[in-house]
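Work through the exercises below with the sequence and the structure side by side, and try each task before reading its solution.

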Amino acid sequence: MTVPEDVVPDRATSVTEADRVEPAAPSGGAVSPGRARWAAPAPFLIAGLLFANYYLRMPSLKTEYALSNGQLGLFLLLPVVTGLVTLQTAGALVARFGSGPIARTTMVALPLSLAGIALAGDRVQFGAALLVFGAVNGLVDVSMNAHAIAVERALDRPIMNSCHAAWSIGTMVGAVLGGIAVKTGLSFTQHFLLVSVVLAAIGAVAGRSMLPGSADRGKKEADGKRERVGWRDGWTPRVVVLGLTGTVVLVSESAVGDWSGIFLRDELGATLATASLAYIAFSFCQTGGRLVGDRLNRKYGPSVLVRWGGAIAVAGLTVVVFSPTPAVAVVGFGLHGAGLSVIVPIIFSAVGHGTADGETGSATAALAKVNTLTYGGFLAGPMLVGLFADGFGLTMTLAGLLVVLAVTVSTGLRRV
């Protein structure tokens, strides 16, 4: 198959010839790898936009259903539980049907599940809608990363960082648009329905440019031997190490989201306006790092890039812990975001390309396991920081996280 001139493969990449699988074009209209490359970030962008609007309306949901903080917390566990369950089955579904078809379906289904939350009439319906929402999100998480890996194989070049950059851009744009929706007086029902319709339409259009299911087939499947994938498959020492490394990275990332402003305000005496700059700097630098990450990956290779990224992330958090002023801490949070930006995308890509025989089931099962671990880290991070901060103070807690991060990235990233 001829690769379009605008996407000529670069050999300085983590995708080897042994990993590359030529996708079979679907009958009735081929989808070129170049075209799929521009569709691959779409589910990431959709998820980022959707969750930014969803989180922004949490106070409205709490008021609508007359929930206490504890009750709201219990309701918000529902999508977490179903998300973790579907993460375990996503590998088998992708192996059977292909990442493109699953991503094509779920990136439309995810906005529609948000509409279910908007239309819930009571607490029971609200809980049921959250269960569906979490289940679909678990499938989206695995299928969109697996499809990005399929496109990487087809192009023989990395694109994972730009896909994750689309998620970061989506969260920032979604937060702005969601804020406008609140200011204009839209109810959360009107707001969610509008978001659902727009994002489902974007997903339907982008899905037409995704690779067919045959693009994910490994060598054994190409010979007609379909691989069976069970929930126990995918656990290897390498996957565990990379998964735990990604978990620590996302613990740090989510902790910055929830606690960076509080750190500047309570520990360094910043104003509320200045305190907000911490997460803005982190997000801006993380997005920028992901936008250039694929180019740096091709030039220097994934091993060099994640080690430098880890070093910059550790240096940034060190600046934060020892910062004498809010301004210095903001710079530290920015460095921290830039360093972390490339690590999780490259971990996902390394796991997806890591099976020696190229079997789709093994790769997607491993990817699902890493998704499970990192998903848990993202959820647990803010809670763990809060618990330790109560006992040791926020500065000492961040210092402890700094040590854990330094040890983890210096050892775990050797497996990339």
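**Exercise 1.** Find which residues Asn-53 touches, not counting residues up to four places away in sequence, and decide whether Asn-53 is buried or exposed in this predicted model.

*Solution.* Begin by locating Asn-53, which sits in helix α2, residues 42–56. Next, list its contacts beyond four places in sequence, which are Gly-174, Leu-177, Gly-178, His-191, Phe-192 and Val-195. Finally, compare its relative accessibility of 5% with the cut-off of under 20%, and Asn-53 therefore counts as buried.

**Exercise 2.** Ala-66 has a positive phi, and Asp-156 has a positive phi; state where each residue lies and whether each is buried or exposed.

*Solution.* Take Ala-66 to begin with: its phi is near 50°, and its place is the loop between α3 (58–64) and α4 (69–97). Its relative accessible area is 58%, and since exposed means over 50%, Ala-66 is exposed. Turn then to Asp-156, whose phi is near 60° and which lies in the loop between α6 (123–155) and α7 (160–183). With a relative accessible area of 1%, Asp-156 is buried.

**Exercise 3.** Identify the residues of the largest nonpolar core that touch the most other members, and then examine the contacts of Leu-264.

*Solution.* This core has 101 residues, and those touching the most other members are Tyr-54, Leu-61, Ile-117, Phe-126, Leu-264 and Leu-405. Helix α6 supplies the largest share of the core, with 14 residues. Leaving aside neighbours within four places in sequence, the residues in contact with Leu-264 include Gly-269, Thr-274, Pro-326 and Phe-333.

Conventions:
Residues numbered from 1 in each chain as written. Predicted model: local features only at pLDDT ≥ 70, side-chain atom pairs only at ≥ 80, totals over all residues. Heavy atoms only, no water. Helix = DSSP H or I, 4+ residues; strand = E, 2+ residues; numbered from the N terminus. Buried < 20%, exposed > 50% of the residue type's maximum accessible area, 1.4 Å probe, protein only. Contact = heavy atoms within 4.5 Å. Core = buried A, V, L, I, M, F, W, Y, C linked by side-chain atoms within 4.5 Å.
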